[in-house]
Amino acid sequence: MGLEDTSARVVANKHLFGPLYLMELDCPAVAANIMPGQFVHMALPDRDASVLRRPFSIFDRDEDTGHIEILYQTVGAGTQAMTGWQPGFETRMIGCIGRPWEVPFSTKRALLVGGGVGAAPLNLLCQQLVDEGVDVDVILGAQTEGALVCRKRYEEACGKEPRCSTDDGSFGREGFATVLVEEALDAAQAAGTPYDYAAVCGPEPLMRAASGLIMDAGVACQVSLERRMACGVGACLSCVVETVDGRKRACVDGPIFDAEVVVW
Amino acid sequence: MVEMSVNLNGLAMKNPVTVASGTFAAGQEYADFVDVAKLGAVTTKGVSLNGWEGNAAPRIAEVPSGMLNSIGLQNPGVDHLKAHELPWLQGQGATTIVNVSGHSFQEYVDVINALEDAPVDAYEVNISCPNVDEGGMNMGCSCASVEQVVRGCRDVTKRPLIVKLTPNVTDITEIARAAESAGADALSLINTLLGMAIDAKSRRPLLSRVVGGLSGPAVKPVALRMVWQCAQAVSIPILGMGGIACGEDAVEFMLAGATAVAVGTANFSNPFATLDVVEGIRSFCEAEGVSDVNELIGGLLC
């Protein structure tokens with residue numbers, strides 16, 4: 001499947017909590033073709049001062065309506081401008097870019113770990129795994145209860161409540177999600193049904209710590225990495241990731257990497 | 001019908017548009033968007049003899065109307081280019097300019113020697129990259145070293161030799177004259193302007209190497225000025241670049257004295273930017289009654 005630069009029209013753009021927003025766009029090409037873990041490179045047509053696009057994972061898609069959802073966090077002027085996009089606003093996105101999550105054949109049990117807005121690229125994977133009959137456990141971490149914006153969606157997708165942690169203890173376990181990861185790994189081991197696969201996305205310290213615990217438990221682990229990106233198609237070498245095989249491009253060699261090759 | 005072909009002192013181009021080195025790799029990554037045979041030329045990412053790792057991330061930062069980069073000429077080396085990218089470009093029917101980089105005078109010569117049996121239409125000698133410690137911009141800042149590297153390259157090739165100049169000098173026309181006198185067939189300018197960006201809250205630079213090269217629309221006025229100055233100073237043709245995103249931008253560079261133009265940063269926001277610039281030049285000429293793009297070169301009224 002080649003890359004396309006397609007138009008996308010805003011259908012809805014909602015503030016969720018703090019810096020978190022959810023944008024729904026009409027973009028049938030991406031809705032039909034996106035594979036869990038891939039991303040789109042979105043233009044900011046209303047910002048003359050922005051010379052670069054912005055990469056976003058796809059939180060959800062509906063092939064029937066041709067709609068996609070992007071869960072985003074305001075970080076700088078570009079994402080701040082996006083919060084003002086009204087329904088009907090037209091932008092463009094290059095998609096579908098990058099290496100998707102690759103779940104080992106015959107996986108029966110999987111663990112998904114999302115920190116903050118990093119929970120977004122795991123949702124389509126969660127749906128795919130559930131469809132394939134995989135038993136999925138989800139762990140979500142956030143700073144505070146309000147920032148656990150994906151909780152309900154994950155509950156719908158896998159039919160059980162995600163285990164949650166918050167930095168301030170306002171919901172679920174107080175502290176970092178890594179404690180829950182450790183417990184989940186131990187419980188699965190003790191029950192004689194260890195995980196076959198784990199996927200982690202979130203702040204890099206979380207990904208480093210969680211993937212370390214997961215690999216120590218002998219479970220195959222992938223992570224989704226983010227870098228500042230210019231071209232988004234593999235040409236400019238801006239978004240390099242250090243790996244045991246040398247520098248790789250987050251955009252097309254990733255964004256999904258086997259945790260064991262990443263040099264943190 | 002507008003005559004679109006130009007000649008960069010021996011390098012025949014079917015239209016005046018190429019890409020700025022480093023923004024387009026060797027074209028394969030953009031193949032879903034751009035048929036490279038439709039461009040005047042493809043200018044490949046800078047290549048060194050044995051390849052370089054480049055700089056640590058973060059390598060880029062967006063700034064108002066521009067971006068900073070400090071990629072550091074990461075490349076897999078000339079043998080990789082010969083084995084993979086150049087045959088692909090030849091197969092596509094592209095006109096190919098190879099951007100040649102080195103850490104030493106000898107490395108530039110060695111890279112060109114290694115490429116002499118490869119399908120290359122012209123060399124662009126990169127003595128202007130601001131993001132490497134040795135070679136690059138350091139060689140492009142004094143007339144003596146410019147003459148030395150250009151002469152060394154000139155001695156080993158009869159192919160068109162384009163010398164890419166840095167804007168980070170006191171007087172770019174001195175450097176332009178030095179390159180011309182040492183045997184350059186054409187000049188390309190400008191490479192990026194050395195700049196930096198800081199995150200006030202964290203008190204840290206936005207680039208790991210602290211400083212990097214500024215490109216994009218922000219540099220266009222500087223680039224136009226330097227192209228215009230150099231066009232007065234030398235008699236060899238100029239490949240102009242710096243913030244070109246549409247046909248009219250390209251026309252402005254040609255009026256200032258450029259024979260051909262390169263599209264760089266604009267590729268990132270618009271993967272069709274090169275083709276849009278070609279069509280934009282054509283439609284400008286049609287609208288203005290210009291039958292041959294060569295009429296635009298140096299056509300500034302002042």
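**Exercise 1. Contacts and overall form of chain B**

Task: In this predicted model, determine what share of the contacts in chain B between residues at least 6 apart in sequence join residues at least 24 apart, and decide whether the radius of gyration of chain B agrees or disagrees with that of a compact globule.

Solution:
1. Among the contacts in chain B between residues at least 6 apart in sequence, 72% link residues at least 24 apart.
2. The secondary structure of chain B consists of eight helices and 16 strands.
3. For 302 residues, a compact globule would have a radius of gyration near 19 Å. Chain B has 18 Å, so the value agrees.
4. Along the principal axes, the C-alpha atoms of chain B fill a box of roughly 50 × 50 × 40 Å.
5. Of the 302 residues in chain B, 58% count as buried.

**Exercise 2. Packing of two helices in chain B**

Task: Describe how helix H2 (residues 105-115) and helix H3 (residues 143-156) of chain B are placed relative to each other, and state which residues make the contact.

Solution:
1. Two packed helices are described by the distance between their axes and the angle between those axes.
2. The axes of H2(B) and H3(B) come within 9 Å and cross at roughly 25°.
3. Angles under 35 degrees count as roughly parallel, and therefore H2(B) is roughly parallel to H3(B).
4. The crossing of H2(B) past H3(B) is right-handed.
5. On the H2(B) side, the contact is made by B:Phe105, B:Tyr108, B:Val109, B:Ile112 and B:Asn113. H3(B) contributes B:Gln148, B:Val149, B:Gly152, B:Cys153 and B:Val156.
6. By class, the residues of this contact of H2(B) with H3(B) comprise seven nonpolar, three polar and no charged.

**Exercise 3. The interface and A:Val240**

Task: Give the number of residues of each chain in the contact between chain A and chain B, then establish whether A:Val240 is buried or exposed and which residues A:Val240 touches.

Solution:
1. In the contact between the chains, 22 residues of chain A meet 30 residues of chain B.
2. The side of chain A that touches chain B has 13 nonpolar, four polar and five charged residues.
3. A:Val240 lies in strand E14 (residues 240-243) of chain A.
4. Around A:Val240 there are 24 other C-beta atoms within 10 Å. A residue counts as buried at 20 or more, so A:Val240 is buried.
5. Leaving out residues up to four places away in sequence, A:Val240 touches A:Arg227, A:Arg247, A:Lys248 and A:Arg249, together with B:Ala57 and B:Arg59 of chain B.
6. A:Leu129 is 111 residues from A:Val240 along the chain, and their C-alpha atoms are separated by 29 Å.

Key:
Residues numbered from 1 in each chain as written. Chains lettered and ligands numbered in written order. Predicted model: local features only at pLDDT ≥ 70, side-chain atom pairs only at ≥ 80, totals over all residues. Contact = placed C-beta atoms within 7 Å. Nonpolar A, V, L, I, M, F, W, Y, C, P; charged D, E, K, R; others polar. Helix = DSSP H or I, 4+ residues; strand = E, 2+ residues; numbered from the N terminus. Rg over C-alpha atoms; globule rule 2.2 N^0.38 Å. Buried ≥ 20, exposed ≤ 12 C-beta atoms within 10 Å, placed from the backbone. Axes fitted to C-alpha atoms, helices over the stretch in contact; angles between N-to-C directions. Parallel < 35°, antiparallel > 145°, perpendicular 65-115°, else oblique. Left-handed = near helix turned anticlockwise from the far one by under 90°.
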